[in-house]
Amino acid sequence: MLLKSRIIPTLAVLLVIVLDSSAREPIKSSPPTIQSKAVRARDLGILFEGTPGKLNAITDIPGVEVGYTTLISGEGKLEVGKGPVRTGVTAILPRGHASFNDPVYAGFFSLNGNGEMTGTAWVEESGFLEGPVVITNTHSVGVARDAVIAWRVKQGTGSQTSWSLPVVAETWDGWLNDINGFHVTAEDVWHALDSAHGGPIEEGSVGGGTGMICYEFKGGNGTASRRIEIRVSKDAPPRSFIVGVFLQANFGRRPQLTIAGVPIGQKIPGQVYKEENGSCIAVVATDAPLLPTQLKRLARRVSLGLARTGTISGNGSGDLFIAFSTANPNVAGADQITHDVQTIPNDLMDPLFAGVVQATEEAVVNALIDNRSMTGRDNHRVEALPHDRLREIMKRSR
């Protein structure tokens with residue numbers, strides 16, 4: 001029987017997975033273990049541009065919630081349908097559980113289309129994101145999409161009880177995971193949705209990012225945020241906003257990896273793939289009041305943040321990005337003929353563009369650093385980015 005581990009990040013309980021273990025069931029630590037604090041890029045002294053939010057995460061935007069289901073079991077030779085399993089589900093709720101029937105303005109951008117993000121035709125047409133964003137592996141998009149619809153119907157309120165076009169995205173984890181075994185179930189998707197929360201969130205090999213590889217190091221989930229200020233003139237008081245980025249990082253070749261301008265990948269040689277074989281899904285959130293066309297412009301800036309880390313967005317990479325704003329609540333309802341909305345003029349958007357680029361770059365590096373090595377199907381092994389070696393290279397480059 002396949003054993004499934006559902007890893008729920010909370011402030012009260014920290015569950016630690018031993019990623020490179022011969023045990024069929026993940027080992028969990030006794031709660032709480034404060035000394036097991038995650039190590040992020042800034043903890044290693046890496047310098048990034050911009051001012052992060054309090055958590056330096058997408059959950060710095062009030063109302064945004066993130067949940068995971070992590071599936072890890074088995075080892076050794078691949079037996080399709082049995083394992084080894086290294087996969088999962090990530091769920092992002094723009095307004096959280098408290099108001100999931102209030103759509104948010106959103107925009108979508110495809111840097112390279114060798115991937116899937118369902119529901120984006122309606123996002124483009126309507127300008128709204130209605131419901132959560134779910135991210136999983138390539139061959140589990142269908143079950144995840146259907147599970148989101150069922151979850152919304154179960155809520156019993158809102159227009160989506162009669163129809164739904166959910167946003168479900170993917171990246172490929174078949175190097176480490178029994179991807180053709182279809183181990184993600186509807187229950188796993190529901191668990192990620194039900195367990196979504198604000199506050200600190202885990203990074204690295206959890207949720208949909210469990211089996212992912214980035215720059216031929218162990219990849220997965222990464223997040224970061226930026227606090228930005230917009231002012232009309234230098235004498236006028238500024239208004240502060242937050243922009244956050246969450247991404248599932250599964251892209252890039254080792255020699256391309258660049259961290260804070262330093263060619264790290266060239267100095268730590270190694271190879272997993274013979275050619276580019278991955279993707280990146282990015283979700284941008286902000287509390288700044290923006291219209292759908294402006295949010296599409298924000299989503300497009302993820303490309304520049306990824307480029308700072310070295311990727312060229314290869315032919316085999318599905319690089320798909322969605323951005324939403326939690327401002328302007330209750331503007332989608334047909335209970336009145338007109339709604340008043342706020343927006344920021346295009347001429348004042350440059351700080352937001354900068355925030356997306358900066359947060360994207362840092363989120364990729366966080367996905368690499370807050371991680372562990374993993375052995376998966378057929379004993380395929382992917383090493384984590386070594387912290388000591390990284391520190392040494394960064395120190396020499398100064």
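## Strand β11 and its surroundings

Cys214 counts as buried, with a relative accessibility of 0%. The model in which this residue sits is predicted. Cys280 is likewise not part of any disulfide, and its nearest cysteine sulfur, that of Cys214, is 7.5 Å away. A disulfide requires two cysteine sulfur atoms within 2.5 Å, so the pair does not qualify. The structure as a whole holds 0 disulfides. Cys280 is also buried, at 0% relative accessible area.

**The strand**

Cys280 belongs to one of the two sides of β11, together with Ala282, Val284 and Thr286. On the other side are Ser279, Ile281, Val283 and Ala285, and the residues of both sides are all buried. In a regular strand, side chains alternate between the two faces of the sheet. Because 8 of the 8 residues of β11 are buried, the strand is largely enclosed by the rest of the structure.

β11 pairs with two strands. The table gives the bridges.

| Strand paired with β11 | Bridges | Direction | A bridge pair |
|---|---|---|---|
| β10 (residues 239-250) | 8 | antiparallel | Val245 and Val284 |
| β12 (residues 318-325) | 7 | parallel | Thr286 and Ser325 |

**The loop after β11**

Ser325, the bridge partner of Thr286, is also a contact of Pro289. Pro289 is found in the loop between β11 (279-286) and α5 (292-300). The C-alpha atoms of Pro289 and Ser325 are 6.4 Å apart, although 36 residues separate them along the chain. Is Pro289 buried or exposed? With 6% relative accessibility, Pro289 counts as buried, because the limit for that class is under 20%. Leaving aside neighbours within four places in sequence, the contacts of Pro289 include Phe241, Gln294, Ala327 and Asn328. Gln342, Thr343 and Ile344 are also in contact with Pro289.

**A polar contact at Thr171**

Thr171 lies in strand β6 (residues 167-171) and is buried, with a relative accessible area of 0%. Which side chain makes a polar contact with the side chain of Thr171? The side chain of Gln248 does, at 2.8 Å. Not counting residues up to four places away in sequence, Thr171 touches Ser279, Cys280 and Ile281, among others. Its contacts also include Thr136, Asn137, Thr138, Met212 and Asn250.

**Nonpolar cores and helix α7**

In soluble globular proteins, nonpolar side chains tend to be buried together. Here the largest nonpolar core has 53 residues. Those with the most contacts inside this core are Ile46, Leu247, Ile259, Ile264, Leu298, Leu385 and Leu390. Helix α7 gives the most to this core, with 10 residues. Another core, of 26 residues, lies apart from it and includes Ala106, Val167, Ala285 and Ile322.

Helix α7 (residues 350-369) has 20 residues. From its first C-alpha to its last, α7 reaches 29 Å, close to the 28 Å expected at 1.5 Å a residue. The helix is mostly covered, with 17 of its 20 residues buried.

Leu247 touches Cys280, Ile281 and Ala282, leaving out residues up to four places away in sequence. Thr360, Ala363 and Val364 are also among the residues that Leu247 touches. Its other contacts are Gly220, Asn221, Gly222 and Leu306. Cys280 is thus named among the contacts of both Thr171 and Leu247.

Methods:
Residues numbered from 1 in each chain as written. Predicted model: local features only at pLDDT ≥ 70, side-chain atom pairs only at ≥ 80, totals over all residues. Heavy atoms only, no water. Helix = DSSP H or I, 4+ residues; strand = E, 2+ residues; numbered from the N terminus. Expected span 1.5 Å × (residues − 1). Buried < 20%, exposed > 50% of the residue type's maximum accessible area, 1.4 Å probe, protein only. Contact = heavy atoms within 4.5 Å. Polar contact = N/O pair within 3.5 Å; in protein donor to acceptor, adjacent residues only side chain to side chain. Core = buried A, V, L, I, M, F, W, Y, C linked by side-chain atoms within 4.5 Å. Pairing = 2+ DSSP bridges.
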